[in-house]
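Could you walk me through this structure in my viewer, one selection at a time? I am new to it and would like to know what to look at along the way.

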Amino acid sequence: MKINRHGRAKVLTQSEIQLIFSHGLDNDRDRTLFGVCLFSACRIRECCTLLTQDIYTPKGIVRPRLIIRKSNTKGKLATRSIPVIEDLRRLLAEYYPLAGDDYLFPGRSDGHISEDSAARILRGACKQAGIIGVSTHSFRRTALTQMSNAGIPLRVIQEISGHRNLEQLQRYLEVSDEQVLGAAASLAMLSPVGINGVEPHIDMGLKALTVEHSTSD
């Protein structure tokens, strides 16, 4: 449920993520489901419809890249291939015995777990963890914002997110109060001479050189 966020999912802090996974989600399937959402920045529908063969080799080894097929993406724009980082690899390796024959997360609806079921699971987990304002989209938005904050170029992030253009992606990203404060503080270097009676800092070596030059004239 989104609360006073103008329709945008809450961006989670690291402590909130830890609470959800340690005190909210109570089984391997659910932790893997939302772990995939977090570590691949995928949409919940993309996660629910992942195919087991696109995650594991025939011998049950986690593939180095996670495949999100074009037919399951929003707008059916393109198939995405996302590197599997070590944290996600461990989750998927432990989950393998529970994976379905066709879909990674089997369920009653169309053979895979439904988006509504995933949303109910998360609501229960957040209630248990005492966190409000979270939706299934929070993991995707959190992941993309984290990449942006880490200085990853937007064009690279777009390859992972699958957004049609950079403008759509930029609307996704959260700007924190600390970032705004830092941006404003950077303007201090533009302070005019003598503001509030305070003289600007002048390098003493440069000042001495200037005085010497003026007296020699």
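Before the first selection, one term: a helix axis here is a line fitted to C-alpha atoms over the stretch in contact, and the angle between two axes runs from 0 to 180 degrees between N-to-C directions. Please also keep in mind that this is a predicted model.

**Stop 1: the whole chain**

Begin with everything shown as a cartoon. The protein chain has ten helices and two strands. Following the chain from the N terminus, you will meet the elements in the order α-α-α-β-β-α-α-α-α-α-α-α. Of the 217 residues in the chain, 37% are buried. Now turn to contacts between residues with a separation of 6 or more: 59% of them join residues 24 or more positions apart.

**Stop 2: a pair of helices**

Select residues 14-24, which form helix α1, and residues 115-129, which form helix α5. Two packed helices are described by the angle between their axes and the distance between the axes. For this pair, the axes come within 8 Å and cross at roughly 100°. Angles of 65 to 115 degrees count as roughly perpendicular, so α1 and α5 are roughly perpendicular to each other.

Which residues meet where α1 and α5 touch? Show side chains for L19, I20, H23 and G24 on the α1 side, then for L122, A125, C126, Q128 and A129 on the α5 side. Colour them by type and you will find six nonpolar residues, three polar and no charged.

**Stop 3: the nonpolar cores**

Next, look at the largest nonpolar core, which has 38 residues. Good ones to pick out are I20, F34, V36, L92, L104 and F139, the residues with the most contacts inside this core. The elements that give two or more residues to the core are α1, α2 (28-40), α3 (44-48), β1 (65-68), α4 and α5. Among these, α5 supplies the largest share, with six residues.

Now centre the view on F34. What does F34 touch beyond its neighbours within four places in sequence? Its contacts there are F21, L25, I44, A118, I121, L122, T136 and F139.

Apart from the largest core lies another one, of five residues. To find this other core, select A41, A143, M147 and I157, which are among its members.

**Stop 4: charges along helix α4**

Side chains of opposite charge can pair when their charged atoms come close. The whole structure contains ten salt bridges, and this stop visits some of them. Select helix α4, residues 86-95, and show its side chains.

- R89 and E86 meet in a salt bridge, at 2.9 Å from N to O. These two are three residues apart in the helix, so about one helical turn separates them.
- E86 also forms a salt bridge with R90, with the closest N and O atoms 3.7 Å apart. Here the partners are four residues apart in α4, again about one helical turn.
- R90 forms a salt bridge with D87 as well, where the closest N and O atoms are 3.7 Å apart. R90 and D87 are three residues apart in the helix, and so separated by about one helical turn.

Put together, salt bridges that share partners join E86, D87, R89 and R90 into one network.

Are these four side chains buried, exposed or in between? Switch on a surface to look. R89 is partly exposed, with a relative accessible area of 34%. E86 is partly exposed at 40% relative accessibility, R90 is partly exposed at 40%, and D87 is partly exposed at 37%.

Note on methods:
Residues are numbered from 1 along each chain as its sequence is written. This is a predicted model: local features need pLDDT of at least 70, side-chain atom pairs count only at pLDDT 80 or more; totals for chains, interfaces and linings use all residues. Side-chain values use heavy atoms; hydrogens and water are left out. Angles under 35 degrees count as roughly parallel, over 145 as roughly antiparallel, 65 to 115 as roughly perpendicular and the rest as oblique. Contact means heavy atoms within 4.5 Å. Ala, Val, Leu, Ile, Met, Phe, Trp, Tyr, Cys and Pro count as nonpolar, Asp, Glu, Lys and Arg as charged, and the others, Gly among them, as polar. A salt bridge is a side-chain nitrogen of Lys or Arg within 4 Å of a carboxyl oxygen of Asp or Glu. Buried means under 20% relative accessible area, exposed over 50%, partly exposed in between (1.4 Å probe, protein chains only). A nonpolar core is a set of buried Ala, Val, Leu, Ile, Met, Phe, Trp, Tyr and Cys residues joined through side-chain atoms within 4.5 Å.
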